[in-house]
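Biologist: I am new to this structure. Could you walk me through it, one question at a time?

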Amino acid sequence: MKWDKYTIATTTSAEDVISAMLSELGIEGVEIENNVPLTDEEAGGMFIDFPLELPPDDGASRVSFYLDADTEQEELLEQVRAALEAEKQYLDIGSCEITKAQTEDADWMNNWKQFFTSFTIGDILIKPTWEAYEQKDKDKILIEIDPGISFGTGKHETTQLCIRQLQEYLSKSLDDTQAQGMCAPRVLDVGCGSGILSIAALKLGAAYVTGIDIDENCMVSARENMQVNRLDEAHWHFYAGNLITDQAIQQREGNASYDIVVANILADVIIPMAPHLFPCLKPAGILITSGIIDFKEQEVKQALQNAGFEIKQINHQGEWVNITAQKPAQ
């Protein structure tokens with residue numbers, strides 16, 4: 001099916017009014033584009049691993065809606081134009097110029113799959129669920145992944161940085177626990193997304209993984225990916241929540257029960273989260289962070305040090321940064 005996309009040039013102050021007006025005319029599902037920066041509260045509620053860098057906010061906004069290209073539209077468009085003219089008497093709504101474009105009704109949930117193919121990180125093979133397993137890869141650690149609507153195919157630099165650090169520090173932790181006759185390490189995955197880092201941790205020898213994400217949709221993707229990888233539910237648990245703002249979660253996880261915490265999220269989320277990550281770790285526990293754009297490196301490093309962490313490693317891949325830190329032994 002083809003759709004006509006109509007975009008109204010307006011102002012940020014008029015977005016809500018125009019959206020409500022379109023809804024009253026029977027038009028639903030509007031799309032809003034602007035350069036308004038996120039508030040601290042909004043940024044703190046986004047567990048994603050790429051920065052939202054916008055041009056300066058100029059007060060301009062674009063409100064778009066879609067109409068079936070095969071239906072009569074002119075009467076409805078005239079109603080939209082008339083309603084915009086009426087609003088101009090009471091509010092600065094900009095030029096309200098309406099532009100038109102056409103788009104195909106695509107299978108957005110599946111078309112991206114052509115860009116996700118198998119690849120390796122060290123001795124780990126990350127394979128989409130829809131690809132066949134090849135015999136030449138039989139000696140590799142296999143992770144099968146279908147991110148669905150959650151972030152996390154493993155191809156992003158930030159995810160790869162985290163996996164390499166998990167390989168290194170889980171190996172060290174396993175050696176230490178075995179030498180001391182202790183249980184295998186426990187891992188907390190904050191901003192777990194598709195669950196790929198949790199899967200990697202279990203495949204690399206972790207005894208148990210807890211995953212947290214603010215997005216309820218991630219719970220579905222993560223649990224399904226755990227099952228695809230045949231990982232027993234006795235060794236993992238996922239739930240939705242915000243470690244920065246939810247005191248119940250802070251109390252639940254902040255009891256020094258984790259050997260490793262991994263947080264592949266925005267730098268602007270890691271910074272306020274740092275004091276809440278510290279109590280989650282056992283003494284000498286390791287924190288692996290990424291999702292940090294290079295110009296935010298020093299801010300994150302300082303926030304981690306202020307929270308009591310000691311910096312152990314800083315790694316770069318492209319414009320992305322991993323900072324691995326440690327909680328003091330005493």
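**Charges, a helix and two cores**

Modeller: Being four residues apart in helix α5 (residues 157-179), K172 and E168 are separated by about one helical turn. Bear in mind that this is a predicted model.

Biologist: How far apart are the closest N and O atoms of K172 and E168?

Modeller: K172 is partly exposed, at 41% relative accessibility. E168 is partly exposed too, with a relative accessible area of 29%. The two form a salt bridge, and their closest N and O atoms are apart by 3.2 Å.

Biologist: Which residues are joined into one network by salt bridges that share partners?

Modeller: Here salt bridges have partners in common. The residues they join into one network are E74, E78 and R81.

Biologist: How many salt bridges does the count come to?

Modeller: A pair counts when a side-chain nitrogen of Lys or Arg is within 4 Å of a carboxyl oxygen of Asp or Glu. K100 and D4 form such a bridge, their closest N and O atoms being 3.8 Å apart. By this rule the count is twelve.

Biologist: In the pair of K100 and D4, is D4 buried or exposed?

Modeller: The pair links distant parts of the chain, with K100 in strand β4 (residues 98-104) and D4 in strand β1 (residues 2-11). K100 counts as exposed, at 55% relative accessibility. D4 has 4% relative accessibility, so this residue counts as buried.

Biologist: Which strand holds E144, the partner of K127?

Modeller: K127 forms a salt bridge with E144, and the closest N and O atoms are 2.7 Å apart. The pair links distant parts of the chain, 17 residues apart. K127 lies in strand β6 (residues 124-128), and E144 lies in strand β7 (residues 141-145). K127 is buried at 2% relative accessibility, E144 is buried at 12%, and the strand that holds E144 is β7.

Biologist: Now helix α7. What covers its buried residues?

Modeller: Helix α7 (residues 216-228) has 13 residues and reaches 19 Å from its first C-alpha to its last, close to the 18 Å expected. Its buried residues include C218, M219 and S221. Also buried are A222, N225 and M226. The cover includes β7, α6, β9 and β10.

Biologist: Which residue just after α7 takes a positive phi?

Modeller: At the start of α7, a side-chain oxygen of D215 reaches to within 2.9 Å of the backbone nitrogen of N217. Just after the helix, a phi of about 55° appears. The residue is R230.

Biologist: Which helix gives the most to the largest nonpolar core?

Modeller: The largest nonpolar core has 33 residues. Among those with the most contacts inside it are I126, L166 and V187. Six residues of this core come from the top contributor, α6.

Biologist: How many residues are in the other core?

Modeller: V187 touches L170, A201, Y258 and I260, among others. Apart from the largest core lies another one. Y258, A274, L287 and I323 are among its members, and its residues number 29.

Biologist: Last, strand β12. What is the bridge partner of N264 there?

Modeller: Ten of the 13 residues of β12 (residues 281-293) are buried, so this strand is largely enclosed by the rest of the structure. Strand β11 (residues 258-264) pairs with β12 in the parallel sense, over six bridges. In β12, the partner of N264 is S290.

Key. Residues numbered from 1 in each chain as written. Predicted model: local features only at pLDDT ≥ 70, side-chain atom pairs only at ≥ 80, totals over all residues. Heavy atoms only, no water. Helix = DSSP H or I, 4+ residues; strand = E, 2+ residues; numbered from the N terminus. Buried < 20%, exposed > 50% of the residue type's maximum accessible area, 1.4 Å probe, protein only. Expected span 1.5 Å × (residues − 1). Contact = heavy atoms within 4.5 Å. Polar contact = N/O pair within 3.5 Å; in protein donor to acceptor, adjacent residues only side chain to side chain. Core = buried A, V, L, I, M, F, W, Y, C linked by side-chain atoms within 4.5 Å. Pairing = 2+ DSSP bridges. Lists of a residue's contacts leave out its neighbours within four places in sequence.
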